[in-house]
Amino acid sequence: MSQITTPSDEGILAWAARDRELHAESPRDLDLPARRARAAEIADILADEFSLPPHPGVEIDELVLDDVAGQPVIRRYRACGAPEAAPAQLYLHGGGFVFGGIRERVNDSVLSHRSAATGLQILSLDYPLAPEHPYPAARDQAIEALASLRARAADLGLDAARLGLG
């Protein structure tokens with residue numbers, strides 16, 4: 001039985017091959033901080049090779065939620081010309097609550113294009129990672145951040161009635 005592939009399949013296969021290659025080059029005996037750093041490095045290499053650059057019509061900046069425990073940083077994606085009170089999404093980056101971060105280049109690509117396409121203001125939370133911060137630390141901070149964003153919606157240009165989590 002033959003398989004039919006599409007251009008997107010070919011891109012995914014090329015990405016997977018490059019991912020395997022980069023991981024094969026990685027030392028096997030890294031401690032968790034070094035594994036996180038290597039994973040972020042690999043994610044950035046893959047983003048540079050396979051992702052679109054950030055959307056030019058989206059502003060990317062950062063803010064600190066100083067009223068939330070741990071004073072987390074939020075990386076904000078807001079389409080130029082978005083309404084004053086834009087609908088928003090508090091976004092929790094991938095990584096299984098152990099890896100990942102808000103400054104990975106793949107996030108800038110994906111989230112800026114999502115913001116441009118939808119008009120959403122996307123607020124990516126730099127939540128605390130396990131095992132240093134065991135469950136439910138990340139969940140609790142996300143809940144607290146969502147409440148903070150809702151309370152500060154007018155100051156941040158958010159529509160508090162259209163604020164979700166993703």
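Here is a short chat about reading the fold and the pockets of a predicted model.

Visitor: Where do I start, say with how many helices and strands the protein chain has?

Guide: Good place to begin. This chain comes to 5 helices and 5 strands. Then read them in sequence order, and you get α-α-β-β-β-α-β-α-α-β.

Visitor: What share of the residues counts as buried?

Guide: Buried here means under 20% relative accessible area. Of the 166 residues in the chain, 39% fall in that group. As for the outside, the chain exposes about 9400 Å², with carbon and sulfur atoms supplying 58% of that.

Visitor: Now the pockets. What volume does the largest pocket have?

Guide: About 180 Å³. Helix H1 (7-24) and helix H2 (32-50) are the elements giving two or more residues to its lining, and H2 gives the most, with 6 residues.

Visitor: How do the residues of that lining divide into nonpolar, polar and charged?

Guide: You sort the lining by residue type: 8 are nonpolar, 2 polar and 1 charged. Try finding some of them in the structure, including Trp15, His23, Phe50 and Val106.

Visitor: And which elements each supply at least two residues to the lining of the second largest pocket?

Guide: H2 again, along with helix H3 (105-118). This pocket has a volume of about 160 Å³, and its lining divides into 5 nonpolar, 6 polar and 1 charged. Among the lining residues are Tyr91, His93, Gly94, Gly95 and Glu104. Look for Ala39, Ala43 and Val106 too: they line the largest pocket and also the second largest.

Definitions and conventions:
Residues numbered from 1 in each chain as written. Predicted model: local features only at pLDDT ≥ 70, side-chain atom pairs only at ≥ 80, totals over all residues. Heavy atoms only, no water. 1 Å grid on protein atoms, 1.4 Å probe; cavity = no way out; pocket = protein on both sides within 12 Å on 5 of 7 lines; lining within 4 Å. Points joined across faces, edges and corners; volume = space filled by probe spheres on them. Helix = DSSP H or I, 4+ residues; strand = E, 2+ residues; numbered from the N terminus. Nonpolar A, V, L, I, M, F, W, Y, C, P; charged D, E, K, R; others polar. Buried < 20%, exposed > 50% of the residue type's maximum accessible area, 1.4 Å probe, protein only. Areas by Shrake-Rupley, 256 points an atom, 1.4 Å probe, with all protein chains shown as cover.
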